Amino acid sequence: MKKYAVIVVGGGPGGYVSAIRLDQFKIDVAVFEKERLGGVCLNHGCIPTKSMVKVAELFAEINEADNFGIEVKNPKINYLSVFNRKNEIVDKLVSGIEFIFKKRNIPIYNENILQIEKRDNEYLIKTDKSEYSADHIILAT
């Protein structure tokens, strides 16, 4: 059973920042995240949405370009390119966080936590793959 000083449950903005900060203070930490680091905001919500909104805004401006003396004939949206751009942006940002974790040797476990149990002065974490223990837990889900 692997033991850590702190286990962070959730790899979103609260979780990954906490883990990096703990590591900066030389505190032994690991992160449990079912998907990729970055959480919902980075992977599915805020960032992907902003990339799509930018395309919509730019398309609207192009359609009004003639008001500024610029002729643009029949602009079209290539949805495959739009989605590929969105995925590239997300991948670049998530890869940056993953690089920091790799560089600092912070373990990331892509496991489902089934149970957290308090035992004396430590926590026992049971996943679908193994068991871990920690002195402290941060719930950042």
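Here is a short tour of the aromatic pairs, salt bridges, surface charge and backbone features in this structure. Please keep in mind that the model is predicted. Two groups of side chains make good starting points: a ring cluster made of Y4, F32, Y109 and Y132, and a salt-bridge network made of K3, E122 and D135. Strand β1 (residues 2-9) holds Y4 from the ring cluster, and K3 from the salt-bridge network lies in strand β1 as well.

**Aromatic rings**

- Across the whole structure, a search turns up four aromatic pairs.
- One of them joins Y4 and Y109 edge-to-face, with 6.2 Å from centre to centre and 70° between the ring planes.
- That pair links distant parts of the chain, since Y4 sits in strand β1 and Y109 in strand β3 (residues 108-109), 105 residues apart.
- Both partners are covered: Y4 is buried with a relative accessible area of 3%, and Y109 is buried with 17%.
- Y109 also pairs with Y132, this time in a tilted arrangement with 4.7 Å between centres and 50° between planes.
- Because Y109 belongs to strand β3 and Y132 to strand β6 (residues 131-139), this second pair ties together parts that are 23 residues apart in sequence.
- Y132 has a relative accessibility of 5%, so it counts as buried.
- Taken together, ring pairs link Y4, Y109 and Y132 with F32 into a cluster.

**Salt bridges**

- As general background, side chains of opposite charge can pair when their charged atoms come close.
- The whole-structure search finds seven salt bridges, and those described here are among them.
- K3 and E122 meet through their side chains in a salt bridge, at 3.3 Å from N to O.
- K3 is in strand β1 while E122 is in strand β5 (residues 122-127), so this contact ties together parts that are 119 residues apart in sequence.
- On the accessibility scale, K3 is partly exposed at 37%, and E122 is partly exposed at 30%.
- K3 has another partner in D135, where the closest N and O atoms of the salt bridge are 2.6 Å apart.
- Since D135 lies in strand β6 and K3 in strand β1, the bridge between D135 and K3 ties together parts that are 132 residues apart in sequence.
- D135 is partly exposed too, with a relative accessible area of 30%.
- R119 and E117 form a further salt bridge between their side chains, at 3.0 Å from N to O.
- R119 counts as partly exposed at 40% relative accessibility, and E117 counts as partly exposed at 24%.
- Through shared partners, salt bridges join K3, E122 and D135 into one network.

**Surface charge**

- Where does negative charge gather in a patch on the surface? You will find the patch at E57, E61, E64 and D66.
- Within this patch, E61 is a residue of helix α3 (residues 46-63).
- E61 has a relative accessibility of 57%, and it counts as exposed because that value is over the 50% cut-off.

**Backbone features in loops**

- K26 is not a glycine, yet it has a positive phi of about 65°.
- You can locate K26 in the loop between α1 (13-24) and β2 (29-32).
- With a relative accessibility of 73%, K26 counts as exposed.
- N74 likewise is not a glycine and has a positive phi, here about 50°.
- Look for N74 in the loop between α3 and α4 (79-104).
- N74 counts as exposed, at 66% relative accessibility.

**Putting it together**

- Strand β6 appears in both the ring pairs and the salt bridges: it holds Y132, which pairs with Y109, and D135, which bridges to K3.
- The two loop residues with positive phi are both exposed, K26 at 73% and N74 at 66%.
- The tyrosines Y4, Y109 and Y132 are buried, whereas the network residues K3, E122 and D135 are partly exposed.

Technical notes
Residues numbered from 1 in each chain as written. Predicted model: local features only at pLDDT ≥ 70, side-chain atom pairs only at ≥ 80, totals over all residues. Heavy atoms only, no water. Patch = residues over 30% accessible without salt bridge, like charges linked within 9 Å, V, L, I, M, F, W, Y side chains within 5 Å. Areas by Shrake-Rupley, 256 points an atom, 1.4 Å probe, with all protein chains shown as cover. Salt bridge = Lys/Arg side-chain N within 4 Å of Asp/Glu carboxyl O. Lys, Arg positive; Asp, Glu negative; His and termini not counted. Charge placed at Lys NZ, Arg CZ, Asp CG, Glu CD. Helix = DSSP H or I, 4+ residues; strand = E, 2+ residues; numbered from the N terminus. Buried < 20%, exposed > 50% of the residue type's maximum accessible area, 1.4 Å probe, protein only. Phe/Tyr/Trp six-rings, centres within 6.5 Å; stacked < 30°, edge-to-face > 60°.
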